[in-house]
Amino acid sequence: MKYSPPYSVTSAIREQAAAVCERLESLRADGTADAVLQSGELRRASRLRAVQATLAIEGGSLSLEQVAAVADGRAVDGPPRDIREAHGTLSAYEKMAAWQPHRLEDMLAAHALLKPEPAAEAGRLRTGGVGVFSGGRVVHMAPPAHLVHGHMCRLLSWLMETDEQLLIAACVFHWEFEFIHPFFDGNGRMGRPWQTLVLGRWNPLLACLPVEAGIYARQQDYYGSLSLADTEGEATVFVEYMLEVLEEALSGLQGGQQGSRAGERPS
């Protein structure tokens, strides 16, 4: 029997997936999708927002302006560790489109860029136990290290072969990846863009969407839905949360583009 992560497609998920599809169609119809896909400036701005937010979720201190300065090679007054992590994360995001979401080798290469230190851990699956802690208590104990490679191979095979709509499959993957916690560090910063990589294969506009900024705005809900899904032993509640975040991010993209057009001076 082929492996499949545990989840159910509830009526809420069907409704939320339909709302995302409707929003994407609206963005295509009003020209926003083409405007974003054809604008290097807009794609860069989205990537900077995504990088700043994903670092901030993990406690990073750099502002959007500071992350932009790092990207431009300008001097930044900030914690050296945060600056190094910004460099690595920017490099990973810039190369993301070249990787295949179902290839473990590509994921390891991404992690090596995203988490450049310590070098012994970069781009390697963990060899010891890890847990997620909050307030001094364990909120998630990941599977033993000797099971990680097998778990990841099965998950990536499922991702490549599933008949599930990729909009839903990407969210399921995100939860299962965080559950496995395949690396000693950098799991959140890997899981979020890898979800976007999968989504971009389904609809190119989603590859340009700073989903991380939406997660950061609802950070407690993010961790809460991950924890509840762990407790329930299936991804369902996390998928519901992520589809809400995606629809909100698309709504913001549409509103931002309409606002920009409204602010243009008539020729």
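Hi everyone. Let me start with a term: a cavity here is a set of grid points where a 1.4 Å probe fits but cannot get out, and a lining residue has an atom within 4 Å of such a point. With that in hand, we can look at this structure, which is a predicted model.

A word on confidence before the details. The mean pLDDT of the protein is 91, and 91% of the residues reach 70 or more. There is one stretch to treat with care: over residues 258-267 the pLDDT stays under 50, and the model gives that stretch 3 contacts beyond four places in sequence.

Now to the cavity. How many cavities of 30 Å³ or more does a search of the whole structure find? The search finds 1, and the volume of the largest cavity is about 30 Å³. Which residues line the largest cavity? They are Leu-55, Gly-60, Ser-61, Leu-62, Asp-82 and Glu-85. By character, that lining splits into 2 nonpolar, 2 polar and 2 charged residues.

Let's stay with one of those lining residues, Gly-60. You'll find Gly-60 in the loop that runs between α3, residues 40-57, and α4, residues 64-72. Is Gly-60 buried or partly exposed? Its relative accessible area is 24%, so Gly-60 counts as partly exposed. Once we set aside neighbours within four places in sequence, Gly-60 is in contact with Leu-55 and Asp-82, and both of these also appear in the cavity lining. For a sense of distance, Gly-60 and Ala-17 are 43 residues apart in sequence, with their C-alpha atoms 31 Å apart in space.

Just after that loop comes α4 itself. The buried residues of α4 are Val-67, Ala-68, Ala-69 and Val-70. What covers them? The cover includes α3 and α5, the latter being residues 80-95. After α4 comes Gly-73, with a positive phi near 80°.

Next stop, helix α8, at residues 166-180. This helix has 15 residues and spans 20 Å from first C-alpha to last, close to the 21 Å expected at 1.5 Å a residue. Why can we call α8 largely enclosed by the rest of the structure? Because 13 of its 15 residues are buried.

Ile-168 is a nice example, and its place is in α8. With a relative accessibility of 5%, Ile-168 counts as buried. Not counting residues up to four places away in sequence, Ile-168 touches Tyr-7, Val-9, Ile-13 and Val-239. Ile-168 and Ala-19 are 149 residues apart in sequence, while their C-alpha atoms are 13 Å apart in space.

What follows α8? That would be His-181, in the loop between α8 and α9, residues 187-202. For those of you who like backbone torsions, His-181 has a positive phi of about 55° although it is not a glycine. His-181 also counts as buried, because its relative accessibility is 14% and the cut-off for buried is under 20%.

Last one, Gly-252, which lies in helix α12, residues 236-262. At 47% relative accessibility, Gly-252 counts as partly exposed. Gly-252 and Gly-214 are 38 residues apart in sequence, and the C-alpha to C-alpha distance between them is 9.5 Å.

That's my tour. Thanks for listening, and I'm happy to take questions.

Key: Residues are numbered from 1 along each chain as its sequence is written. This is a predicted model: local features need pLDDT of at least 70, side-chain atom pairs count only at pLDDT 80 or more; totals for chains, interfaces and linings use all residues. Side-chain values use heavy atoms; hydrogens and water are left out. Helices (H or I, at least four residues) and strands (E, at least two) are DSSP runs, numbered from the N terminus. The expected span of a helix is 1.5 Å times one less than its number of residues. Buried means under 20% relative accessible area, exposed over 50%, partly exposed in between (1.4 Å probe, protein chains only). Contact means heavy atoms within 4.5 Å. On a 1 Å grid over the protein atoms alone, a cavity is a set of points where a 1.4 Å probe fits but cannot get out, and a pocket is an open set with protein on both sides within 12 Å along at least five of seven lines; lining residues have an atom within 4 Å of a point. Grid points are joined across faces, edges and corners, and a volume is the space filled by probe spheres set on the points. Ala, Val, Leu, Ile, Met, Phe, Trp, Tyr, Cys and Pro count as nonpolar, Asp, Glu, Lys and Arg as charged, and the others, Gly among them, as polar. pLDDT is the predictor's confidence in each residue, from 0 to 100.
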